[in-house]
Amino acid sequence: MTRPCLPPDDLPSFEASYRELSWELEEVAGEIFYNNCDPMTQDLLRQCGWDVTIRSKGLTLVVICPNNRLNWYVLQSIPLFAESLQTLSNTAKIRIYPPPGTGTPMEVMVEDSFF
């Protein structure tokens, strides 16, 4: 193994490297999820705020609904989201945030959703 040519203080920290790799993994997972969705589901996602996060408890699709109409469509699309997520993880979660002031977030485990 070769020694780094920089002094230890000038090398990136393990935490910084881990954080950067984690962001890249989330970005790639989000792209894979989105590309696995059909065009209508992709259009729905574009109208909402959404992201894929990966933490110690696993992968989570987070969808933020800007209005009640889109919230209804997102809730109807849970099986489609779950099907697309299953290519990434059997234990993924879907967390849906309703429009501000209209309720609390809902969380569904992918293995619990029925398709």
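Where in the chain is Glu-107 found? Keep that one in mind; the answer comes at point 6. One thing before we start: this is a predicted model.

1. The overall layout. Start by counting the pieces: the chain has four helices and four strands. If you walk along the sequence, they come in the pattern α-α-β-β-α-α-β-β. The chain has 115 residues, and 34% of them count as buried. Also have a look at who touches whom along the chain. Taking the contacts with a separation of 6 or more, 49% are between residues 24 or more positions apart.

2. The nonpolar core. Now go inside. The largest nonpolar core has 23 residues, and Phe-33, Leu-61, Val-63, Val-74, Phe-81, Leu-85 and Ile-94 are those with the most contacts inside it. Several elements feed this core: H1, helix H2 (39-47), strand E2 (58-64), helix H3 (68-76), H4 and strand E3 (93-97) each give at least two residues. H4 supplies the largest share, with four residues.

3. The aromatic rings. A pair of aromatic rings is described by two things, the distance of the centres and the angle of the planes. In this chain there are three aromatic pairs. One of them joins Phe-33 and Phe-81, with 6.3 Å from centre to centre and 55 degrees between the planes, and it is classed as tilted. Find both partners on the model: Phe-33 sits in helix H1 (residues 14-36) and Phe-81 in helix H4 (residues 78-85), so this pair links distant parts of the chain, 48 residues apart. Both Phe-33 and Phe-81 are buried. Zoom out a little and you can pick out one aromatic cluster, formed by Phe-33, Tyr-34, Trp-50 and Phe-81.

4. Phe-81 and the H3–H4 contact. Stay with Phe-81 for a moment. Apart from its neighbours within four places in sequence, Phe-81 is in contact with Phe-33, Thr-41, Leu-44, Leu-45, Leu-61, Val-63, Val-74 and Ile-94. Val-74 in that list leads us to the packing of two helices. H3 and H4 pack at an angle of about 55 degrees, and their axes are 4 Å apart. Because of that angle, H3 counts as oblique to H4. On the H3 side the contact is made by Val-74, Leu-75 and Gln-76, and on the H4 side by Ile-78, Pro-79 and Phe-81. Sort the residues of this contact by type and you get five nonpolar, one polar and no charged.

5. Thr-60. Next, try a residue in a strand. Thr-60 lies in strand E2. Is Thr-60 buried or exposed? Its relative accessible area is 4%, so Thr-60 counts as buried. What does Thr-60 touch, not counting residues up to four places away in sequence? You should find Asp-51, Val-52, Thr-53, Lys-93 and Arg-95.

6. Glu-107. Back to the opening question: Glu-107 is found in strand E4, which covers residues 106-109. Glu-107 counts as partly exposed, because its relative accessibility is 42%. Leaving out residues up to four places away in sequence, Glu-107 touches Lys-93, Ile-94 and Arg-95. For a distance to check yourself, try Glu-107 and Tyr-97: they are 10 residues apart along the chain, and their C-alpha atoms are separated by 8.9 Å.

Definitions and conventions. Residues numbered from 1 in each chain as written. Predicted model: local features only at pLDDT ≥ 70, side-chain atom pairs only at ≥ 80, totals over all residues. Heavy atoms only, no water. Phe/Tyr/Trp six-rings, centres within 6.5 Å; stacked < 30°, edge-to-face > 60°. Buried < 20%, exposed > 50% of the residue type's maximum accessible area, 1.4 Å probe, protein only. Core = buried A, V, L, I, M, F, W, Y, C linked by side-chain atoms within 4.5 Å. Contact = heavy atoms within 4.5 Å. Axes fitted to C-alpha atoms, helices over the stretch in contact; angles between N-to-C directions. Parallel < 35°, antiparallel > 145°, perpendicular 65-115°, else oblique. Nonpolar A, V, L, I, M, F, W, Y, C, P; charged D, E, K, R; others polar.
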